[in-house]
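Colleague: I have a few minutes before my next meeting and would like to go through this model with you. Could you take me through the side-chain contacts and then the surface?

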Amino acid sequence: GGNATCYQALSFGVPALCTPFHVDQEDNANQLVRLKTGILINPFKNFTRETFLTAVGRVIIDRTYSKNALRMKSILQRYDGMHTAAREIVRFLQSKRLL
């Protein structure tokens with residue numbers, strides 16, 4: 001459920017199974033659930049082999065998850081996140097005369 005993991009799953013168009021251990025990860029997982037691109041499995045409550053396999057089966061059988069993940073992939077591909085971030089960092093540093 002970390003930022004990078006969620007971003008990578010979405011950028012590849014793959015639904016995610018999130019087991020958040022921190023508040024920020026839980027927020028990320030909740031957003032994936034809201035977008036119906038992932039499932040949140042609470043690692044502190046009833047996390048069993050059965051709950052995990054049920055979640056895996058759900059994202060495989062319910063094509064909505066993969067359809068939505070692929071839709072998010074196409075949205076993310078419109079933005080060149082890595083290069084845009086690098087360009088903005090350089091622009092900021094230049095504005096502060098740090099580069």
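Modeller: Let me start with Glu88 and Arg91, whose side chains meet in a salt bridge with an N to O distance of 2.8 Å. Please keep in mind throughout that this is a predicted model.

Colleague: Where do Glu88 and Arg91 sit relative to each other in helix H5?

Modeller: They are three residues apart in helix H5, which covers residues 81-95, and are therefore separated by about one helical turn.

Colleague: And how exposed are Glu88 and Arg91?

Modeller: Glu88 is partly exposed, having a relative accessible area of 37%, and Arg91 also counts as partly exposed, at 46% relative accessibility.

Colleague: How many salt bridges does the count come to?

Modeller: The count comes to two salt bridges. Besides the one between Glu88 and Arg91, there is a salt bridge between Asp62 and Lys36, where the closest N and O atoms are 3.4 Å apart.

Colleague: Which parts does the pair of Asp62 and Lys36 tie together?

Modeller: Asp62 lies in the loop between H3 and helix H4 (63-77), while Lys36 lies in the loop between helix H2 (23-34) and strand S2 (38-40), so the pair ties together parts that are 26 residues apart in sequence. Asp62 counts as partly exposed at 25% relative accessibility, and Lys36 counts as partly exposed at 31%.

Colleague: What else does the charged end of Lys36 do?

Modeller: The charged end of Lys36 sits over the ring of Tyr65, at 5.4 Å from the ring centre. The backbone of Lys36 deserves a look as well, since its phi is near 55°, which is a positive value in a residue other than glycine.

Colleague: Why would you point out a positive phi?

Modeller: Because most residues other than glycine have a negative phi. Asn46 is another case to look at, with a positive phi of about 55° although it is not a glycine.

Colleague: Where is Asn46 found, and is Asn46 buried or exposed?

Modeller: Asn46 is found in the loop between S2 and H3, and with a relative accessible area of 66% it is exposed.

Colleague: Changing topic to the aromatics, how many aromatic pairs does the structure hold?

Modeller: It holds two aromatic pairs. In the pair of Phe21 and Phe44 the ring centres are 5.6 Å apart and the planes stand at 85°, so this pair is edge-to-face. That pair links distant parts of the chain, with Phe21 in the loop between strand S1 (16-18) and H2, and Phe44, 23 residues apart from it, in the loop between S2 and H3. Phe44 counts as exposed, at 61% relative accessibility.

Colleague: What about the rings of Phe47 and Phe52?

Modeller: The ring centres of Phe47 and Phe52 are 6.4 Å apart and their planes are at 50°, so that pair is tilted. Phe47 is partly exposed, with a relative accessible area of 41%, and Phe52 counts as partly exposed at 35%.

Colleague: Which residues form a nonpolar patch on the surface?

Modeller: Phe47, Phe52 and Leu53 form that patch, and together they have about 270 Å² of accessible area. Leu53 lies in helix H3, residues 49-61, and is partly exposed, with a relative accessible area of 41%.

Colleague: I would also like to know about Pro20: is it buried or exposed?

Modeller: Pro20 counts as buried, at 7% relative accessibility, and its place is in the loop between S1 and H2. Pro20 and Gly2 are 18 residues apart in sequence, and their C-alpha atoms are 7.6 Å apart in space.

Colleague: And how far apart are Ser11 and Arg78 in space?

Modeller: From C-alpha to C-alpha they are 11 Å apart in space, with their positions 67 residues apart in sequence. Ser11 lies in helix H1, residues 3-11, and is partly exposed, with a relative accessible area of 22%.

Colleague: Last one, what pLDDT does the protein average?

Modeller: The protein averages a pLDDT of 94, and 100% of the residues score at least 70. Among the elements of the protein, S2 has the highest mean pLDDT, at 97, and H5 the lowest, at 92.

Note on methods
Residues numbered from 1 in each chain as written. Predicted model: local features only at pLDDT ≥ 70, side-chain atom pairs only at ≥ 80, totals over all residues. Heavy atoms only, no water. Patch = residues over 30% accessible without salt bridge, like charges linked within 9 Å, V, L, I, M, F, W, Y side chains within 5 Å. Areas by Shrake-Rupley, 256 points an atom, 1.4 Å probe, with all protein chains shown as cover. Salt bridge = Lys/Arg side-chain N within 4 Å of Asp/Glu carboxyl O. Helix = DSSP H or I, 4+ residues; strand = E, 2+ residues; numbered from the N terminus. Buried < 20%, exposed > 50% of the residue type's maximum accessible area, 1.4 Å probe, protein only. Phe/Tyr/Trp six-rings, centres within 6.5 Å; stacked < 30°, edge-to-face > 60°. Lys NZ or Arg CZ within 6 Å of the ring centre and 35° of its normal. pLDDT = per-residue confidence, 0-100.
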